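Me: I should like to study a protein structure by means of questions and answers. May we begin with the sequence and the structure on display?

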Amino acid sequence: MRNPNFLTINLILLLVTFITVYFLSFSLYPIMATNSLTTFQGPIYENSRITSTSNSLSGSHGNLVNDGSLVTSNITNGDLPSTEKYDKIKNCNPDTDKKPSSIEYLTFFNCGHIKSSSTTGDGNNQTIREFTLIIEENQSIPIASNGLTFFDAWTFNGTIPGPTMRVTEGDLVRINVINSKENNHTHSLHLHSTHPSNMDGVDGPGGYIKPGQNFTYVFTAQPYGVYPYHCHVSPIDQHINKGLYGAFIIDPKTPRQNMTEMVMMMNGYDLDYEKEGIGPSRIPTPQEFEEDYMPQEFEHGNEVYTVNGKAFDYVENPIPINTNTNYRIYLINMLEFDQVNSFHLHGNMYKYYPSGTFKEPSFENDIVTLGQGDRGILEFDYPYPGKYMFHSHINEFSDLGWMGLFNVIE
Ligand SMILES: [Cu+2]
C-alpha cells in the first residue's frame, strides 16, 4: 500500500500548479494584447510597380521659413495636444510626395500618413504613421549653386538628404522602403533610436532589400530626440556618400516650446570615389620595407561640403529671420571621410541639447563639434539685426561650400 502522505503531497502540488497557471494567464494577457499592435507585418517580396513621384521641383526660393505661429501653444504637462493639433504645431507638410529644394528642405517636415489610432493595452490611443521611401540610383542631383551636378547619385525619394521624417514618441511607425527594380544594388534602412533587431536594417530581410523588392520597418518610436537614418549595406561609406541618408525626429509627447524650426544636415560629396586608389596607410616596418611590402588602404576625400545638400545655397539665399524671436535647429552630421564637422554661429550664442534627448540644454556656445552621425538641437534668438554667417569652423569645409547666412530683420 502507498504512503497516504505521498498522495497528499501530490494533490497539493497539482493544486498549486493549477492556481499559478490560472493567474499567469490573466497577468500576461495585457502584454500579449499590446504586442499584437506592434507585430511585424512582414516584408512583401514581390516586384512592386514603382510609380515615381511626379512632383517637379518648385524652384521657389520665396518666403520659406514658417513663422511658427500657426497654432498658439499653451500646453502644460498632462495636457497633451491631439495628433492633428500637434502636427500643425510641428509645421508638418501635407504634401508628402513633394521633393523639396535645399531651401525648402530647411522647414519641410514629412509626418507621414496617419492611418488610424489603435488602443494599447494601457487604454491609451496609439497613432499609426506610414511612410514610403523609394530608393533610386542613377540620379543627377544639383549640389552647388554654380550648377555643379552629382551624377549617379542614390536617393531616398529623389533628394539628398532624403525626407525629414517626423513622429511623436509612442507612435507606431511603419516605413515601407522600396528598392526600385531599375537599381543595381541591395540597400536597407538603418534608423537610429530604440527598436528590435529585425527592424535595425542590418540583420535579416530588413538588412538586404534587393532591387525590385521592398521591406516595411515597424516599430514604436522611442525615445524622443533627433536622429539620422541611412542605408547600412556594405560598403556603407559608399552608400552614404552616394546620398542615402536623412533626418528622423521623434518629438516628445509634451511639445517643446513653440518656435520656428529648421533642419540642417551637414554632408559632403566625394565625386571621384570610384577613381580613388590605394595609398600608404602608415610607414612600413623595417622588415616590411626589406620584403618590399607597403601597407596600404583606400583613401577617400570630399570635394564638396554642404549643409542640406547644396553648397553655398544659403549664402546666395540668406535665411530670413526676425530679431527677438526664438529659433530651433535640428542639426545632424552625416559627413563621411572626415573625422569631425562643426557648426559655428556668428554674432550670437545658442543653447545646445546633445541628441535632443533631454529638455534642459547641456551648454551654451557658438560652436559645437560633431563626429560622424552625431547630432543635437540648437536654440537661439538674435538681439541685433543684420547678416550673420553660420558655417563649419573647419575653414577647408566652409571654403568648399559649408557656409550660410541668416538675414536678421528687425
Ligand atoms: Cu544602400
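The questions below concern this predicted model.

Me: How many helices and how many strands does the chain have?
Reply: The chain has 410 residues, of which 36% count as buried. Its secondary structure comes to 7 helices and 23 strands.

Me: What is the average pLDDT of the chain?
Reply: The score is the predictor's confidence in each residue, from 0 to 100. In this chain, 76% of the residues score at least 70. The average pLDDT of the chain is 82.

Me: Over which residues does pLDDT stay under 50?
Reply: Where pLDDT is low, the predicted coordinates should not be read in detail. The stretch in question has 68 contacts beyond four places in sequence in the model. Its pLDDT stays under 50 over residues 13-74.

Me: Among contacts between residues at least 6 apart in sequence, what percentage join residues at least 24 apart?
Reply: Two residues are in contact if their C-beta atoms lie within 7 Å. Among contacts in the chain between residues at least 6 apart in sequence, the share that joins residues at least 24 apart is 71%.

Me: Which strand gives the most residues to the largest nonpolar core?
Reply: In soluble globular proteins, nonpolar side chains tend to be buried together. The largest nonpolar core here has 82 residues, and those with the most contacts inside it are Val-177 and Tyr-330. With 6 residues, the strand that gives the most to this core is E11 (residues 260-269).

Me: From which domains does this core draw at least three residues each?
Reply: The core in question is the largest nonpolar core, with 82 residues. It draws at least three residues from each of domain 1 (83-258) and domain 2 (279-409).

Me: With which residues is Tyr-330 in contact, leaving aside its neighbours within four places in sequence?
Reply: Tyr-330 is one of the residues with the most contacts inside the largest nonpolar core. Leaving aside its neighbours within four places in sequence, Tyr-330 is in contact with Val-226, Ala-247, Ile-249, Glu-261, Val-263 and Ile-377.

Me: Is strand E5 largely enclosed or largely open?
Reply: On one side of E5, Thr-164, Arg-166 and Thr-168 are buried, and on the other side Met-165 and Val-167 are buried. Because 5 of the 5 residues of strand E5 (residues 164-168) are buried, the rest of the structure leaves E5 largely enclosed.

Me: Which residue in E10 is the bridge partner of Arg-166?
Reply: Strand E1 (residues 109-110) runs parallel to E5 and is joined to it by 2 bridges, with Phe-109 opposite Thr-164. E5 also pairs in the parallel sense with strand E10 (residues 245-251), over 4 bridges. In E10, the bridge partner of Arg-166 is Ile-249.

Me: Which are the edge strands of the open sheet of 6 strands?
Reply: The order of this open sheet is E14-E11-E16-E21-E18-E19, and its pairing is mixed. The twist averages 25° from one strand to the next. Each edge strand pairs on one side only, and the edge strands are E14 (304-307) and E19.

Me: Which residue in E21 stands opposite Pro-354?
Reply: Strands of a sheet pair through backbone hydrogen bonds, either parallel or antiparallel. E18 and strand E21 (residues 375-380) pair in the antiparallel sense over 4 bridges. Opposite Pro-354, in E21, stands Gly-376.

Me: What is the omega of the peptide bond from Gln-222 to Pro-223?
Reply: Pro-223 lies in the loop between strand E8 (214-220) and strand E9 (225-230). The peptide bond from Gln-222 to Pro-223 is cis, with omega near -15°.

Me: What is the omega of the peptide bond from Ser-234 to Pro-235?
Reply: Pro-235 is found in the loop between E9 and helix H4 (236-241). The peptide bond from Ser-234 to Pro-235 is cis, with omega near -10°.

Me: Does Asn-324 count as buried or exposed?
Reply: Asn-324 lies in the loop between strand E15 (319-322) and strand E16 (327-333). Its phi is near 50°, a positive value in a residue other than glycine. A residue is exposed if 12 or fewer other C-beta atoms lie within 10 Å of its own. Because Asn-324 has 10 C-beta neighbours inside 10 Å, it counts as exposed.

Technical notes: Residues numbered from 1 in each chain as written. Predicted model: local features only at pLDDT ≥ 70, side-chain atom pairs only at ≥ 80, totals over all residues. Core = buried A, V, L, I, M, F, W, Y, C linked by C-beta atoms within 7 Å. Buried ≥ 20, exposed ≤ 12 C-beta atoms within 10 Å, placed from the backbone. Domains from an automatic or database assignment. Pairing = 2+ DSSP bridges. Axes fitted to C-alpha atoms, helices over the stretch in contact; angles between N-to-C directions.
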